[in-house]
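I opened this entry to learn my way around an unfamiliar structure. My notes follow in the order in which I looked things up.

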Amino acid sequence: MVKICCIGAGYVGGPTMAVIALKCPKIVVTVVDISTQRINGWNSDHLPIYEPGLDEVVKQCRGKNLFFSTEVEKHVFEADIVFVSVNTPTKTHGLGAGKAADLTYWESAARMIADVSKSDKIVVEKSTVPVKTAEAIERILTHNNKGINFTILSNPEFLAEGTAIEDLFHPDRVLIGGRETPEGQKAIQTLKQVYANWVPEQKILCTNLWSAELSKLAANAFLAQRISSVNAMSALCEATGADVSQVAHSVGTDSRIGPKFLNGSVGFGGSCFQKDILNLVYICECNGLPEVAAYWKQVIKVNDYQKTRFVNRVVSSMFNTVSNKKIAILGFAFKKDTGDTRETPAIDVCKGLLGDKAKLSIYDPQVTEDQITKDLSMRKFDKDHPAHLQPPSPTSIKQVSVVWDAYEAVKDAHGVCILTEWDEFKKLDYQKVYDSMQKPAFIFDGRNIVDVKKAREIGFIVYSIGKPLDPWLRDMPAVVA
Ligand code: NAI
């Protein structure tokens, strides 16, 4: 019986291994982590991450062929295939700080694998890593030369948070990269057989190691680039009277372009896009390709511009000041159906409004007060590191309150900022919202989910990203940052 061990029980390790266990009943899968808190969560009724459909999958396999444990070394020792799915955040200090991937967690996992192993193993890079990482990992694995064969594969994960289970059940593709040696090819076949239990063979792509590593960075860069492209258009739409939804629809019906990932918004977030593009930029710079680096860097610059633009729009619309005005923030997670706040645009928007001394009342159905307080008091990139490895929660920020109901958040507010596209925000009784707010009542829709026409009929002044401007907003001079 094949034994799999996965190091790292996070947003990727947990769901991915749960699905492998479900689809491969003959394989024993153990997910290990240094965090007792995380492992206890996986062994409880309250899983440490929120993901639609995950509970059911875990319940079906846990205790049968799916286990969660802090006995990292024991399970690595016993495994035939070791996945490494630890975090690879952006470096916060030293060479490449603010750009390069921090491989500390990866390196320590690799050293531990080398130290405890007594039999041959396939080691699979599941984390997103810089291209050529496998070479460094191979050196670490073989450093104490015990005569054990480690074959390294790159198997980057393409799941999206919020739809992880669906993505894992029906992936667009599974990518496996390996050395072009007989051992490398044999290892590819072994991993391919695991996925072949539920993924059609033509969707399992096999490449060399470097192509697989780089494909993951490239895919995230392309996806983020689409968002920045449509957001750049959204600014032009507002300036000209065009409607970004109409433009995106017209552009997206071209089959060469396609309709997905073309929604104008306050910007992209999540733990991956910014981190992986910064990493790509750094790799380009290190390889003497400054023009290529500058091209991809611009994707992040436009994303930052979009968040600043949103804050400026809020302030300028409300008579150039939000000082001591209550602003309701609806949504804090970086997208709907997740509680993940890593790199969420809400952090930058809230910090921008707090900079102008606004009073914020924040509501998100899946994010706790503790997490929001941490996020708003943390330095850039620190929040990329796992919650349990972060410093203890600081005392709450005076101008911020976190509430557990959207109607509570909007009560007596001057403005509402919608920063996450949760379905429940589409279904709010906007007449009730309007009635409980100060007048004039503003909606700043960072996700284009509000019916602008209906909201204006109720009496709101509405700003919706990339949509023709409300006459009120046209007359307000833009604030220069
Ligand atoms: P995460 O931060 O949720 O989980 C990583 C886990 O690894 C943490 O629980 C941490 O305690 C554990 N860990 C760190 N060092 C360890 C060690 N030496 N031994 C045992 N456990 C250790 O990270 P997440 O989001 O699961 O990401 C993991 C990797 O997958 C990253 O490289 C990320 O870029 C990539 N990825 C993430 C996606 C996402 O949507 N979150 C999607 C695709 C790839």
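**Salt bridges**

I counted first: the structure holds 22 salt bridges. I keep in mind that this is a predicted model.

I picked out one pair, Arg179 and Glu138. They form a salt bridge whose closest N and O atoms are 2.7 Å apart. Then I asked which parts this pair ties together. I found Arg179 in the loop between strand E7 (174–178) and helix H8 (182–195), and Glu138 in helix H6 (residues 133–141), so the bridge links parts that are 41 residues apart in sequence.

**Two domains**

Next I looked at how the protein chain is divided. Domain 1 covers 3–199, and domain 2 covers 221–475. I noted 32 Å between the C-alpha centres of domain 1 and domain 2. Their contact takes 27 residues from domain 1 and 26 residues from domain 2.

How much area do domain 1 and domain 2 bury between them? I read about 2200 Å², with 56% of it on carbon and sulfur atoms. Then I looked for the main contributors on the side of domain 1. Tyr50, Lys99 and Glu161 supply 30% of the area that domain 1 buries against domain 2. No other three residues supply more.

I also checked the polar side of this interface. Between domain 1 and domain 2 the count is two salt bridges. Six residue pairs are in polar contact across the interface, both residues of each pair being at pLDDT 80 or more.

Lys99 came up again when I went through the salt bridges. Lys99 forms one with Glu285, and the closest N and O atoms are 2.8 Å apart.

**The sheet of eight strands**

I turned to the sheets. One is an open sheet of eight strands with mixed pairing. I wrote down its order as E3-E2-E1-E4-E5-E6-E7-E8.

Why is one side of E3 and of E8 left without a neighbour in the sheet? Strand E3 (66–69) and strand E8 (204–208) stand at the edges, and each has a single partner strand, so one side of each has no neighbour there. I then read the turn between neighbouring strands of this sheet, which is 25° on average, direction ignored.

For detail I chose strand E4 (residues 81–84) and strand E5 (residues 121–125). These two pair in the parallel sense over four bridges. Val82 stands opposite Val123 in E5.

**The sheet of six strands**

The other sheet I looked up is open too, with six strands and parallel pairing. Its order is E11-E10-E9-E12-E13-E14. At the edges I found strand E11 (400–402) and strand E14 (461–464). Each has a single partner strand, so one side of each lacks a neighbour in the sheet. The twist averages 15° from one strand to the next.

I followed one pairing here as well. Strand E13 (residues 442–445) and E14 pair in the parallel sense over four bridges. Asp445 stands opposite Ser464 in E14.

Which helices pack on these strands? Helix H12 (residues 290–317) lies across strand E9 (326–330), strand E12 (415–418), E13 and E14. H12 runs at about 170° to E13. Helix H13 (residues 345–355) also packs on the sheet and touches E9, strand E10 (359–363), E11 and E12. I noted about 160° between the direction of H13 and that of E10.

**Backbone oddments**

Last, I looked at two spots in loops. A cis peptide bond joins Lys439 and Pro440, with omega about -5°. I placed Pro440 in the loop between helix H17 (430–435) and E13.

The other spot is Phe261. Phe261 is not a glycine, yet its phi is positive, about 60°. I found Phe261 in the loop between helix H10 (244–252) and helix H11 (273–286).

Notes
Residues are numbered from 1 along each chain as its sequence is written. This is a predicted model: local features need pLDDT of at least 70, side-chain atom pairs count only at pLDDT 80 or more; totals for chains, interfaces and linings use all residues. Side-chain values use heavy atoms; hydrogens and water are left out. Two strands pair if DSSP finds at least two bridges between them. Axes are lines fitted to C-alpha atoms, for helices over the stretch in contact, and angles run from 0 to 180 degrees between N-to-C directions. Domain bounds come from an automatic or database domain assignment. Contact means heavy atoms within 4.5 Å. Buried area is the accessible area (1.4 Å probe) that two parts lose on being put together, summed over both. A salt bridge is a side-chain nitrogen of Lys or Arg within 4 Å of a carboxyl oxygen of Asp or Glu. A polar contact is a pair of N or O atoms within 3.5 Å; within protein, one must be able to donate a hydrogen and the other to accept it, and residues adjacent in sequence count only if both atoms are side-chain atoms.
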